Structure formats: C-alpha cells, structure tokens
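Subject: Structure handover

Hello,

Here is the structure I promised to pass on. Please open it alongside this email.

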Amino acid sequence: MKLKHALGIVLLVLIIDQWSKIYVKTHFILNEQVEVFSWFKILFVENEGAAWGTKIPGAYGKLFLTLFRIIAVCGIGYWLWSAVKQQQSKILILCISLILAGALGNIIDSVFYGVLFDHSYGQVATFGSAVPYGELLHGKVVDMFYFPLIDTVLPSWIPKWGGERFQFFEPVFNVADSAICVAVAIMIIFHKRVFPKTENNEQRVESNE
C-alpha cells in the first residue's frame with residue numbers, strides 16, 4: 001500500500017470523526033441522549049482524561065495528557081511511514097492508519113475544542129464562541145456511541161452484588177476510539193497475516209537452532 005492511500009484512510013476517518021463530534025456538540029446538551037434502538041443510543045458526554053474517562057490528577061494533568069498524546073501520534077506517524085517504506089503487509093498499514101486517525105481525532109478535541117466551543121451545560125454549544133469553555137491544549141474529548149446491551153438488576157440471591165444494577169456495555173465512545181479498537185482487533189485476530197515477516201524470521205531462527 002502506498003503512503004498516499006494510507007493517508008487517505010487517515011483523512012477519511014478524521015473527517016467522519018470530526019463531523020460526528022461537531023454535529024453532536026452543536027446539537028446536543030451535555031448528557032442528552034437519543035435512542036436509536038433499545039441497545040444503541042446516541043449519548044453526548046465529554047471525556048476530560050484518557051481511556052475510560054481516567055483522569056490525571058493535578059493542575060497540569062490535562063496538559064501532560066495532551067502533550068503525551070501529541071508525542072504518541074508522532075511515533076505512530078513514523079511507524080506508518082516506516083511500514084510503507086519497508087513494504088510491510090497491507091493489513092498492518094491499514095491498522096496503523098486507523099490507529100493514527102483515531103489518535104489524531106481525539107487530539108484535535110484535546111488541543112482545539114476548548115477554544116472553539118463554549119460549554120454544553122444546559123445549552124447547545126456554539127462553534128467559534130467568543131466565550132470558550134477552556135484553553136488551548138485543555139479541550140474535552142466528545143463521545144457519543146452508547147451500547148447498553150444489558151441493563152438489569154442482579155438477582156438478590158447473588159452474594160455481595162445481589163440487587164445492584166448491572167450494565168454491559170457501559171463505556172461511551174466515538175469514531176476515533178472505534179478506529180483504534182478495530183485496528184487492534186484486526187492485529188490480534190490476523191496476527192500471522194499482519195506480521196508475516198516476523199513469523200518467517202522466527203521460524204528461521206528456530207530451524208537454525
């Protein structure tokens with residue numbers, strides 16, 4: 001796969017990701033939801049931290065996280081360039097492209113959204129607001145896909161957790177997150193096709209021993 005094709009994948013995912021985020025941000029109030037199916041909802045939430053809403057404590061926690069993401073994206077970008085240059089498998093290049101697009105998508109939120117939008121508490125946010133909710137590098141990541149496949153109360157006879165609410169799948173995510181998860185899943189499921197040269201090299205070393 002050529003580099004321009006890989007970058008085309010990155011750009012396509014980025015466009016879909018940012019369009020969906022900007023649409024939700026400018027049409028939904030925070031925590032507002034629309035039920036598509038009983039097991040699938042569009043739920044507008046904002047993530048201030050890393051995966052699963054994890055936060056880094058301290059006044060500079062958010063800044064550190066954003067800078068770390070930028071450094072990570074540079075590393076992923078180099079990985080993509082190297083994979084294309086070395087003519088590695090198309091599946092691997094596809095996966096790296098998806099990971100890069102996902103990382104970039106969330107970085108755009110973290111870097112720019114704080115100065116592009118006003119807050120979404122009790123109101124629909126305005127793009128290009130004169131009173132933004134944050135600062136550069138301190139934006140919040142927009143999430144919207146919610147799949148409560150199971151939402152029930154556990155039977156009372158279950159020790160410790162009986163009578164408590166149980167939800168699966170609870171996390172809310174976005175297109176960028178989906179791209180990263182799909183890429184990782186492909187790399188795990190099709191490991192031998194993703195890393196064919198690595199597999200062959202290992203076999204040669206074993207035969208020599």
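Below is what I found, going from the sheet to the helices and then to one residue.

Please keep in mind that this is a predicted model.

The sheet

Four strands make up an open sheet, ordered β1-β2-β3-β6. The pairing is antiparallel. β1 (33-37) and β6 are the edge strands, and each of them pairs on one side only.

Take the pairs in turn. β1 and β2 run antiparallel and are joined by four bridges. Here Gln-33 has Leu-43 in β2 as its bridge partner. Next comes strand β2 (residues 40-47), which pairs with β3 in the antiparallel sense over five bridges. Lys-41 has its bridge partner in β3, namely Tyr-146. On the far end of the order, strand β6 (residues 172-173) is joined to β3 by two bridges, again antiparallel. Tyr-146 turns up here too: Val-172 in β6 stands opposite Tyr-146. Tyr-146 is thus worth selecting in your viewer, with Lys-41 and Val-172 shown beside it.

How covered is strand β3 (residues 141-146)? Mostly: six of its six residues are buried.

The helices

What packs on the sheet? Helix α1 does, and it touches β2 and β3. The direction of α1 makes about 90° with that of β3.

Helix α1 (residues 3-25) also packs against helix α4 (residues 175-189). Two packed helices are described by the angle between their axes and the distance between the axes. For α1 and α4 the angle is about 145°, and the axes lie 8 Å apart. From α1, the contact uses Val-13, Ile-16, Asp-17, Ser-20 and Lys-21. From α4, Val-175, Ala-176 and Ala-179 take part. Sorted by class, this contact has five nonpolar residues, one polar and two charged.

One residue to look at

Ser-110 sits in helix α3 (residues 90-116). Is Ser-110 buried or exposed? Its relative accessibility is 0%, so Ser-110 counts as buried; the cut-off for buried is under 20%.

Which residues does Ser-110 touch, leaving out those up to four places away in sequence? They are Lys-62, Thr-66, Arg-69, Leu-137, His-138, Gly-139 and Val-141. Val-141 falls within β3, which spans residues 141-146.

Best wishes

How values were computed:
Residues numbered from 1 in each chain as written. Predicted model: local features only at pLDDT ≥ 70, side-chain atom pairs only at ≥ 80, totals over all residues. Heavy atoms only, no water. Buried < 20%, exposed > 50% of the residue type's maximum accessible area, 1.4 Å probe, protein only. Pairing = 2+ DSSP bridges. Axes fitted to C-alpha atoms, helices over the stretch in contact; angles between N-to-C directions. Contact = heavy atoms within 4.5 Å. Nonpolar A, V, L, I, M, F, W, Y, C, P; charged D, E, K, R; others polar.
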